[in-house]
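Hi,

Here is the model we talked about passing along. Have a look at it first, and then read my notes below.

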2 protein chains.
Amino acid sequence: MLTRIDHVGIAVASLTETIPIYEQAFNLKCVHQETNERQGVREAMLLVHSGDTGGSYVQLLEPIRDDTPVGKFLAKRGPGIHHIAYGVDDIDAALASLTVGGFDLVNKTPVHGTSGSRIAFIHPKGLGGVLTELVEAAAGH
Amino acid sequence: MLTRIDHVGIAVASLTETIPIYEQAFNLKCVHQETNERQGVREAMLLVHSGDTGGSYVQLLEPIRDDTPVGKFLAKRGPGIHHIAYGVDDIDAALASLTVGGFDLVNKTPVHGTSGSRIAFIHPKGLGGVLTELVEAAAGH
């Protein structure tokens, strides 16, 4: 079902401050930035590795307001890992399988993700406290 | 410097309870288990993807005692993502580069990791609150 670790999502107070740190520490390049109003974040994608099943990224997430999920996470826990995302070839099939298995989906149908991808979050409670995202990349990504 | 996302390390109360959940949810297979006395954990590695630069895994971590780092993490935060680990070809060169960059290393020289790998942790404070591990896989892994 899973084709790769697509990204690790890290909540930060400031993209401007954190992007250069990750670039310098690990010689990563920031290859994409966008704002996702629905998720309430500004995102920066730093490419770790471009593999045979797609890219793996560090995703830095800056909340656009305090009353967003990432804003509340930052207020409660401070900066740190917010979620983990796995690549899938067919997100509809994956969500159907998880539903049959009794897993609690945050998004019962896919929503808009980074770079035109289709994504869905799975509730952390059934997965050892880990907020988990599935990503079906857009064609050409 | 980084060759892949090697694994995401997830702190759990019980491997016995959590391994089947991840196997069922994502059709993963638990390919390795070991106890690392130095790190104070029992580990289970579930293979996400075997790529051109090595494997990517979900690593489940059960503390062997309450007074271990993962035991304290569980007591404070409950189960969840504990750290992120990146693959490197040359961990000595990576640590030298990070030292020059002023990053705070938990392990100034590599220590024993999963499956005979050489690993080192980098302090979360300089990396957006993320406890970060570098992994140089053993030959043949």
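What follows is a short tour of the sheet, the cysteines and the salt bridges.

Before anything else, keep in mind that this is a predicted model.

Let's start with the sheet in chain B. There are eight strands in an open sheet, and going across you meet them as β2-β3-β4-β1-β5-β8-β7-β6 (chain B), with mixed pairing. The edge positions go to β2 (29-36) and β6 (111-112) of chain B; each has a single partner strand, so one side of each has no neighbour in the sheet. For β2(B), that partner is β3 (residues 41-51) of chain B: the two run antiparallel and are joined by seven bridges. If you want a spot to zoom in on, Thr35(B) sits opposite Arg42(B) of β3(B).

On to the cysteines. How many disulfides are there over all chains? The count is zero. As for where Cys30 sits, Cys30(A) is partly exposed at a relative accessible area of 25%, and Cys30(B) is partly exposed with a value of 25%.

The salt bridges gave me more to write about. Over all chains the count comes to 10. Here are some of them.

In chain A, Arg4(A) pairs with Asp6(A), with 2.7 Å between the closest N and O atoms. Both Arg4(A) and Asp6(A) are buried.

Also in chain A, Arg42(A) and Glu62(A) form a salt bridge, at 2.8 Å from N to O. This one links distant parts of the chain, since Arg42(A) belongs to strand β3 (residues 41-51) of chain A and Glu62(A) to strand β4 (residues 54-63) of chain A, 20 residues apart. Is each partner buried or partly exposed? Arg42(A) is partly exposed, at 33% relative accessibility, while Glu62(A) has a relative accessible area of 13% and is therefore buried, the limit being under 20%.

Over in chain B, Arg118(B) meets Glu136(B) with the closest N and O atoms 3.4 Å apart. Arg118(B) is in strand β7 (residues 118-122) of chain B and Glu136(B) in strand β8 (residues 132-136) of chain B, so this salt bridge ties together parts 18 residues apart in sequence. Arg118(B) is partly exposed, with a relative accessible area of 30%, whereas Glu136(B) is buried at 16%.

Last one: in chain A, a network of salt bridges links Asp92(A), Arg118(A) and Glu136(A).

Cheers

Technical notes:
Residues are numbered from 1 along each chain as its sequence is written. Chains are lettered from A and ligands numbered from 1 in the order in which they are written. This is a predicted model: local features need pLDDT of at least 70, side-chain atom pairs count only at pLDDT 80 or more; totals for chains, interfaces and linings use all residues. Side-chain values use heavy atoms; hydrogens and water are left out. Two strands pair if DSSP finds at least two bridges between them. Helices (H or I, at least four residues) and strands (E, at least two) are DSSP runs, numbered from the N terminus. A disulfide is a pair of cysteine sulfur atoms within 2.5 Å. Buried means under 20% relative accessible area, exposed over 50%, partly exposed in between (1.4 Å probe, protein chains only). A salt bridge is a side-chain nitrogen of Lys or Arg within 4 Å of a carboxyl oxygen of Asp or Glu.
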